[in-house]
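Work through the exercises below with the coordinates open. Each task is followed by a solution in steps.

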Amino acid sequence: ARTVELEVETGGQRLDRFVADRCADVTRSGAQRLIAGGHVTVNGENVRSSTAVQVGQRVNVEIPDPQPS
């Protein structure tokens, strides 16, 4: 797994959309699964996909290694 730390520079966007836009290999539905699974935190706290991010917040995204098919 790898962890990506993002800083919010423009607020008001939904968390799932923010993660999908900032992580090239994550779709919005993938971001929603990561958020629901507790792999995304905002300032160290688990929040819902629909939460609007605010300027200055830190978003940590843990992207699990791909599962072998």
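**Exercise 1.** Determine whether aspartate 16 is buried or exposed, and list what surrounds aspartate 16.

Solution.
- Step 1. Aspartate 16 has 0% relative accessibility and therefore counts as buried; buried means under 20% relative accessible area, exposed means over 50%, and partly exposed lies in between (1.4 Å probe, protein chains only).
- Step 2. The model is a predicted one, in which local features need pLDDT of at least 70 and side-chain atom pairs count only at pLDDT 80 or more, while totals for chains, interfaces and linings use all residues. Residues are numbered from 1 along each chain as its sequence is written, and side-chain values use heavy atoms, with hydrogens and water left out.
- Step 3. Place the residue: aspartate 16 belongs to helix 1 (residues 15-22). Helices (H or I, at least four residues) and strands (E, at least two) are DSSP runs, numbered from the N terminus.
- Step 4. Leave aside the neighbours within four places in sequence; aspartate 16 is then in contact with Arg28, Ala31, Gln32, Ile35 and Ser49. Contact means heavy atoms within 4.5 Å.
- Step 5. The side chain of aspartate 16 makes a polar contact of 2.8 Å with that of glutamine 32 and one of 3.3 Å with that of arginine 28. A polar contact is a pair of N or O atoms within 3.5 Å; within protein, one must be able to donate a hydrogen and the other to accept it, and residues adjacent in sequence count only if both atoms are side-chain atoms.

**Exercise 2.** How many salt bridges does a search of the whole structure find? Describe the pairs that involve arginine 28, arginine 17 and arginine 58.

Solution.
- Step 1. The search finds 6 salt bridges, each a side-chain nitrogen of Lys or Arg within 4 Å of a carboxyl oxygen of Asp or Glu.
- Step 2. Arginine 28 pairs with aspartate 16, with the closest N and O atoms 3.3 Å apart. This pair links distant parts of the chain, since arginine 28 is in helix 2 (residues 28-36) and aspartate 16 in helix 1, 12 residues apart. Arginine 28 has a relative accessible area of 31% and is therefore partly exposed.
- Step 3. Arginine 17 and aspartate 21 form a salt bridge at 3.5 Å, N to O. Both residues lie in helix 1, 4 residues apart, about one turn of the helix. Arginine 17 is partly exposed at 32%, as is aspartate 21 at 46%.
- Step 4. Salt bridges that share partners join Glu5, Glu7 and Arg58 into one network.
- Step 5. Within that network, arginine 58 and glutamate 7 meet at 3.3 Å, N to O. Arginine 58 lies in strand 3 and glutamate 7 in strand 1, so the pair ties together parts that are 51 residues apart in sequence. Arginine 58 is partly exposed at 37%, and glutamate 7 is partly exposed at 35%.

**Exercise 3.** Which order do the strands of the sheet have, and which strands stand at the edges?

Solution.
- Step 1. The sheet is open, with 3 strands in the order 1-3-2 and antiparallel pairing. Two strands pair if DSSP finds at least two bridges between them.
- Step 2. Strand 1 and strand 2 are at the edges, each with a single partner strand, so one side of each has no neighbour in the sheet. Neighbouring strands are turned by 15 degrees against each other on average, direction ignored; axes are lines fitted to C-alpha atoms, for helices over the stretch in contact, and angles run from 0 to 180 degrees between N-to-C directions.
- Step 3. Strand 1 (residues 2-7) pairs with strand 3 over 6 bridges, and glutamate 7 stands opposite arginine 58.
- Step 4. Strand 2 (residues 40-42) pairs with strand 3 over 3 bridges. In strand 3, valine 61 is the bridge partner of valine 40, and asparagine 60 that of threonine 41.

**Exercise 4.** Which side chains of strand 3 are buried, and which residues have the most contacts inside the largest nonpolar core?

Solution.
- Step 1. In strand 3 (residues 58-63), Val59, Val61 and Ile63 point to one face and are buried. Arg58, Asn60 and Glu62 point to the other face and are not buried.
- Step 2. The largest nonpolar core has 17 residues, and Leu15, Val19, Val40, Val59 and Val61 have the most contacts inside it. Such a core is a set of buried Ala, Val, Leu, Ile, Met, Phe, Trp, Tyr and Cys residues joined through side-chain atoms within 4.5 Å.
- Step 3. At least two residues of this core come from each of strand 1, helix 1, helix 2, strand 2 and strand 3.
- Step 4. Valine 19 touches Val26, Ala31, Val40, Val59 and Val61, not counting residues up to four places away in sequence.
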